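Trainee: I have a structure to read and I am not sure where to start. Can we go through it together?

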Amino acid sequence: MKVLVPVKRVIDYNVKVRVKSDQTGVDLANVKMSMNPFDEIAVEEAVRLKEAGIASEIVAVSIGPEKAQDQLRQALAMGADRAILIKTDETVEPLAVAKLLKAVAEEEKPQLVICGKQAIDDDCNQTGQMLAALLGWAQGTFASKVEKDGDKLNVTREIDGGLQTVSLALPAVVTTDLRLNEPRYASLPNIMKAKKKPLDVKEPSTFGVDIAPRLKVLKVTEPPKRQGGAKVASVAELVGKLKEAGVI
Amino acid sequence: MAVLVIADHNNETLSDATGKTVSAAQKIGGDVDILVAGAGCRSVAEAAAKISGVRKVLLVEAPHYEHRLAEPFAALIVSLADGYDALLKTATTTGKNVMPRVAALLDVMQISEIIDVVSPDTFVRPIYAGNAIETVQSSDKKKVITVRATAFKAAGEDGAAPIEEAPAASDPGLSSFVKEELTKSERPELTAAKIVISGGRALGSYENFEKYIFPVADKLGAAVGASRAAVDAGYVPNDYQVGQTGKVVAPELYIAVGISGAIQHLAGMKDSKVIVAINKDEEAPIFQIADYGLVGDLFKIMPELEAAL
Ligand SMILES: Cc1cc2nc3c(=O)[nH]c(=O)nc-3n(C[C@H](O)[C@H](O)[C@H](O)COP(=O)(O)OP(=O)(O)OC[C@H]3O[C@@H](n4cnc5c(N)ncnc54)[C@H](O)[C@@H]3O)c2cc1C
C-alpha cells in the first residue's frame with residue numbers, strides 16, 4: 001500500500017523561543033529550523049512498514065516555504081521515495097492544511113496517511129483528525145503501535161488512562177505519539193541518494209483550496225514569569241517551608 | 001447564544017474537568033447545555049445536572065458510544081451542532097481526538113487548549129510549549145474549542161438541570177474498539193490531584209519509583225507523574241507523562257525529583273502553585289522555576305523526606 005506522510009518545518013525543539021517586542025509573533029529570524037519531531041516519528045513508521053513489506057511507496061508532503069525542501073530531503077534520506085512541496089510563505093492553519101492534504105490524497109490514493117500528532121510550534125493537535133474527517137476515513141490518533149491485521153489496521157493509542165487499541169478500516173489516518181518508534185538518523189550515502197529523488201513543487205492555488213486563515217492573531221505575548229531560584233539546605237528546612245506555605 | 005459542553009466520563013463517573021469546561025462556556029455567555037454520550041451512563045448525566053448554571057443535560061445512549069470512538073462520536077456532535085454557537089470539550093485525549101474531527105466536518109478552524117475567554121469570539125491559548133501566549137479572534141460562525149481545564153475554576157454544584165434524552169446518530173462503522181489497558185492506581189488522578197510528585201530519568205527503574213517516589217506520594221496523598229525520559233525508558237506508563245505533549249497539571253504542590261527541567265516538561269507543570277525541585281546538579285534548569293530547590297542525591301534525600309513527613 002502507498003503511504004502518505006505530511007511533514008512540517010518548525011523551530012527546532014531545542015531553541016529557546018523569543019516573543020517579538022511588537023507582540024506580532026515569535027522571532028524566527030536566524031533560528032534553527034527542523035522537521036517537527038512527531039513527523040520524524042511518522043516518516044520512521046512509514047519506512048518500517050516499507051521494510052516489513054507492507055508499504056509499497058512512501059510520499060512525503062510539506063506545506064510551507066521554499067526552505068521546507070530541507071525537511072522533505074530529510075524524509076527522503078530516511079527512506080521516503082518521493083516528495084511534494086506545496087509552496088507558500090503564508091501561515092496555513094490546520095484546517096487549510098487538511099484540505100490541501102485531502103486534495104493530495106485524492107490524487108495519490110494512499111491507503112494510509114501517517115501524521116505527527118501535533119506540531120511543536122502552534123501545538124494545535126488537529127491536522128490528522130481533520131484530514132480523516134474530510135476524507136471520511138477512520139482515524140487512529142496518538143499511536144504507540146501500528147499493526148496491519150488483514151484488511152484492517154490495529155492502532156494502540158496513548159490515552160489519559162493508559163492504552164487503548166482500536167481496529168480501523170483502511171484507508172485510514174494515523175497520528176504518532178512519542179513511543180511509536182525512535183527515528184533513525186539518515187546515513188551519509190542515503191543523504192546523497194536523497195538529493196536525486198523526485199521532489200515536486202506545487203502552488204496551493206492549483207488545488208483550488210481556500211487557505212485564508214479563520215483565526216486572526218491579535219497579539220502574542222510572553223507568559224507570566226515565575227519567581228523561582230530559591231534553595232533550601234536540608235530536608236528539614238524544606239518540610240518547614242512547605243508547612244509554612246500551607247501546601248502539606 | 002447557546003454553548004454545548006461535551007462531558008468527559010467513563011460511563012460511570014463524570015470527570016471533574018467538566019465543571020471547569022462549563023465555567024469556560026459560561027465565560028463565553030448564553031445558555032450552557034451539557035452532552036453526555038455513552039452507554040449505560042445515566043448516572044453521569046445525573047452528576048452533570050448538578051453543575052450550577054446549566055440549562056439542560058442531553059443524554060444519548062447507544063452501544064457505539066461506549067468508548068467514544070472519534071468517528072461515531074464526532075458524527076453525533078455534528079448532528080446536535082445546529083442549535084449552538086460554540087462547542088466545547090476539555091482538552092483530554094478524548095477531546096483532542098474528537099473535536100478536530102467535529103471542526104473539520106463543520107468547516108471550522110478549531111481553537112485548541114484555550115486558557116482564557118476574552119469575548120465570545122476571542123480566546124487566549126499557549127503556543128510553543130507555553131513559551132508564548134497568543135490571543136486569537138475567530139471569524140468562524142460556530143466555534144469549536146478545546147479547553148485546558150487547569151486554567152478555569154470549576155462551576156458550582158448546586159444545579160438541578162433537566163435531563164433530556166436525545167437520539168443517537170448512526171455509526172459510520174469505520175472503526176471498532178479492541179481493548180483497553182488502563183493503569184490501575186489507588187492514588188489520585190494526576191490532573192485533579194492537589195499534590196503531584198514526578199520522577200525523571202535519574203530514577204533509573206520502576207523499582208526505584210516504588211522505593212523512592214511512591215512512599216512519599218502515599219504519605220502526601222499525592223499523584224505520581226514523570227518526565228518523558230522516564231516514560232520512554234519504561235519505568236512508568238505513558239499516562240504518567242507531564243509536559244507539552246503529555247498531561248498539563250497545576251496542583252498546589254509539584255515536586256520534581258531527578259528531572260532536569262526541559263522546556264517540554266516545564267510546559268506541563270509551571271503553573272503549579274508551589275514547585276519543589278530535587279536534583280544533584282545545582283545548574284539544572286528546573287531550579288530556575290522552583291520555589292524551593294534542594295541540591296543533592298535523590299536516593300539519599302527521598303528516604304529522609306519520607307521519614308520527615
Ligand atoms: C517533541 C518532544 C516532545 C516532548 N514532550 C515532553 C513532555 O511532554 N514531557 C517531558 O517531560 N519531556 C518531553 N520531551 C523531552 C524533553 O525534551 C526532555 O528530554 C525530558 O523532559 C528529560 O527528562 P528528564 O528531566 O527526566 O531527564 P534528563 O534531562 O536526563 O535529566 C535527569 C536529571 O536528573 C538529575 N539526576 C541524575 N541523578 C540524580 C540523582 N541521583 N539525584 C538527583 N538528581 C539526579 C540530573 O542532574 C538531571 O538534571 C519532549 C521532547 C520532544 C522532542
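Mentor: Start with a term. A nonpolar core is a set of buried Ala, Val, Leu, Ile, Met, Phe, Trp, Tyr and Cys residues joined through side-chain atoms within 4.5 Å. Keep in mind that this is a predicted model.

Trainee: Which helix gives the most to the largest nonpolar core?

Mentor: That core holds 89 residues. Among the members that touch the most others are B:Ile34, B:Leu35 and B:Val36. The top contribution is nine residues, and it comes from helix α3 (residues 94–108) of chain A.

Trainee: Leaving aside its neighbours within four places in sequence, what is B:Leu35 in contact with?

Mentor: B:Leu35 touches residues from several stretches of chain B. One stretch is B:Leu4, B:Val5, B:Ile6 and B:Ala7. The others in contact are B:Leu58, B:Val60, B:Leu76, B:Ile77 and B:Leu80.

Trainee: How many residues does the second, separate core have?

Mentor: Its members include A:Val7, A:Ala46, A:Val47 and A:Ala138. The count for this core is 45 residues.

Trainee: Why are the buried residues of helix α2 of chain B on the same side?

Mentor: Helix α2 (residues 42–49) of chain B buries B:Val44, B:Ala45, B:Ala48 and B:Ala49. An α-helix has 3.6 residues a turn, so residues three or four places apart point the same way. The four buried residues of α2(B) are on the same side because they cover an arc of only 140 degrees around the axis.

Trainee: Which strands of chain B are among what covers those buried residues of α2(B)?

Mentor: Look for strands of chain B in contact with them. The cover includes β2 (31–38), β3 (56–61) and β10 (163–165).

Trainee: How many residues of helix α2 of chain A are buried?

Mentor: Helix α2 of chain A spans residues 69–78. Its buried residues include A:Gln69, A:Leu72 and A:Met78. The helix is largely enclosed by the rest of the structure, because the buried count out of its 10 residues is seven.

Trainee: What phi does A:Gly79 take?

Mentor: A:Gly79 comes just after α2(A). Its phi is positive, at about 140 degrees.

Trainee: Which residues form the nonpolar patch on the surface?

Mentor: Together they have about 290 Å² of accessible area. One of them lies in helix α5 (residues 188–194) of chain A and counts as partly exposed at 34% relative accessibility; that one is A:Ile191. The full patch is A:Leu188, A:Ile191 and A:Met192.

Trainee: Now salt bridges. How far apart in sequence are the parts tied together by A:Arg179 and A:Glu158?

Mentor: The closest N and O atoms of this pair are 2.9 Å apart. A:Arg179 lies in the loop between β10 (172–176) and α5 of chain A, and A:Glu158 in strand β8 (residues 152–159) of chain A, so the tie spans 21 residues.

Trainee: Which residue of chain B meets A:Arg179 in a salt bridge?

Mentor: The N to O distance here is 2.8 Å. The partner lies in helix α6 (residues 228–232) of chain B, so the pair joins two chains. The partner is B:Asp232.

Trainee: Is A:Arg214 buried or exposed?

Mentor: A:Arg214 meets B:Asp140 in a salt bridge, at 2.6 Å from N to O. Buried means under 20% relative accessible area. A:Arg214 has 16% relative accessibility, so A:Arg214 counts as buried.

Note on methods. Residues numbered from 1 in each chain as written. Chains lettered and ligands numbered in written order. Predicted model: local features only at pLDDT ≥ 70, side-chain atom pairs only at ≥ 80, totals over all residues. Heavy atoms only, no water. Buried < 20%, exposed > 50% of the residue type's maximum accessible area, 1.4 Å probe, protein only. Contact = heavy atoms within 4.5 Å. Patch = residues over 30% accessible without salt bridge, like charges linked within 9 Å, V, L, I, M, F, W, Y side chains within 5 Å. Areas by Shrake-Rupley, 256 points an atom, 1.4 Å probe, with all protein chains shown as cover. Salt bridge = Lys/Arg side-chain N within 4 Å of Asp/Glu carboxyl O. Arc of directions from axis to C-beta.
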